[in-house]
Amino acid sequence: MPMSRRTLAAAAFALLLPLSACGSGGDGGGSTDASGKVQGDITFQTWNLRANFKPYFDGLVADFEKKYPGTHVKWIDQPAEGYADKLSADAAGGTLPDVVNVSPDLVAPLAKAGLALDLGNAGAKYRSEYLPGAWAGHQVPGMSGTYAFPWYLNTGPLFYNKALFRKAGLDPDKPPTTYAELFADALQMAKRSGGRVATLANVPTIEDFGRYGVPLMNKEGTAFAFNDAKGVELLTKYKELYDAKALDPQALTATPESSGKKFLTGAVAMNPGSALDLDNFKKNAPSLYKNIGITDQITSTGHVNMYVMGVMVNARTKHTPAAVAFAHFVTDAQNQMSFAKKVAIFPSTAGSLNDPYFTKEDGTDETRVRIAAAKSLKNAVNYTPVLFSDQMKTALRNEVAKALQGKESPKQALDNAVSAADRLLQQG
């Protein structure tokens, strides 16, 4: 699934997309009016989905063509590796498919190049069908439109080790729900364990600053802003945790895999996860499994973080009504619900998360985590700015490391990270 493959070739977009702004789709452009008759041949591109879901997509295409006689959809699927480069090359060469599976960071440069149709206009009548946070996921700062229909969502709760909470004198049935509680519990955990047990295994990322309530960009989308007083406050708190060994000493180089192992062995008390992790605990760490707790992500805003995938329409398509109709068809409530029951993702359509599939316990671990995640998604947001590239993420991580090690103050580190991100933004 592409959700776990978020390393994208932003540099390739920066190089190639300026070439594409002069024309795509062969005749120099298509209509933005989606109100005409739904007919014609269109191409639909997905991202690493054919191997596991071919019957689903074959059926989806057949259902659409049956609903709209006179249409023909050619489904193509690209591998996860190099997907961003493939989109870049197609955009530059005028061969971008009519309907494309994208993530927010992929749609942003396409929208800026005039290649993503504004569905806030062409598909405005469908807006109420989607969760507000999901609909906003493919909006681009500095631009007024919405450049993809929301498709599937993902998020995860926090796991915590009740036994470690109990040993630290903390209530195992009352995990922290605010950052103040999290920091206090973490310091107590480290003190009671003599620094042997950390509560967290990862340094703060851009999503963490968002959850803490830090403004990440200015309203115009022209500069980053996470070096304000609240951002400095969060990094200062993490510095305190790091010094007290309440943040794992190896957090500076941690990966999701290494953090998971730390949690598995009892060296870390809390870690984000999914139903797949529960199965792993049951097989490989039965004592942890018996003491596992599940709680919501910590947030100061009342909104947890989510990841969102979308379906974009090529602004230069020759068959705008058919392309918009198909993009909506893929992402409507019925088809999203059908897809969600085949893979561990969540629909972005309003009301879908109230379905018994996401609310009714059946005693299984998979359902237990699915219900917890679905509940939090109803008003979740995608905190990662669509313009925040992998290079920017690296710059932030490097500066955070310097602050935690005491090589720079938290203020200086975030000032440097914002300066680097702004410089990269201007280059793009």
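The following exchange walks through a sheet and some charged pairs in this structure.

Modeller: This is a predicted model, in which local features need pLDDT of at least 70, side-chain atom pairs count only at pLDDT 80 or more, and totals for chains, interfaces and linings use all residues. Residues are numbered from 1 along each chain as its sequence is written, and side-chain values use heavy atoms, with hydrogens and water left out.

Biologist: Which strands stand at the edges of the open sheet?

Modeller: Strands are DSSP runs (E, at least two residues) and helices likewise (H or I, at least four), numbered from the N terminus, and two strands pair if DSSP finds at least two bridges between them. Six strands form the open sheet, with mixed pairing, in the order S2-S1-S3-S8-S4-S9. Each edge strand has a single partner, so one side of it is left without a neighbour in the sheet, and these strands are S2 (71-78) and S9 (346-347).

Biologist: Is Asp 248, which meets Lys 262 in a salt bridge, buried or exposed?

Modeller: A salt bridge is a side-chain nitrogen of Lys or Arg within 4 Å of a carboxyl oxygen of Asp or Glu, and this pair meets at 3.3 Å, N to O. The pair links Asp 248, in the loop between helix H10 (229-243) and helix H11 (256-264), to Lys 262 in helix H11, 14 residues apart. Buried means under 20% relative accessible area, exposed over 50%, and partly exposed in between, with a 1.4 Å probe and protein chains only. Lys 262 is partly exposed at 22%, whereas Asp 248, at 6% relative accessibility, counts as buried.
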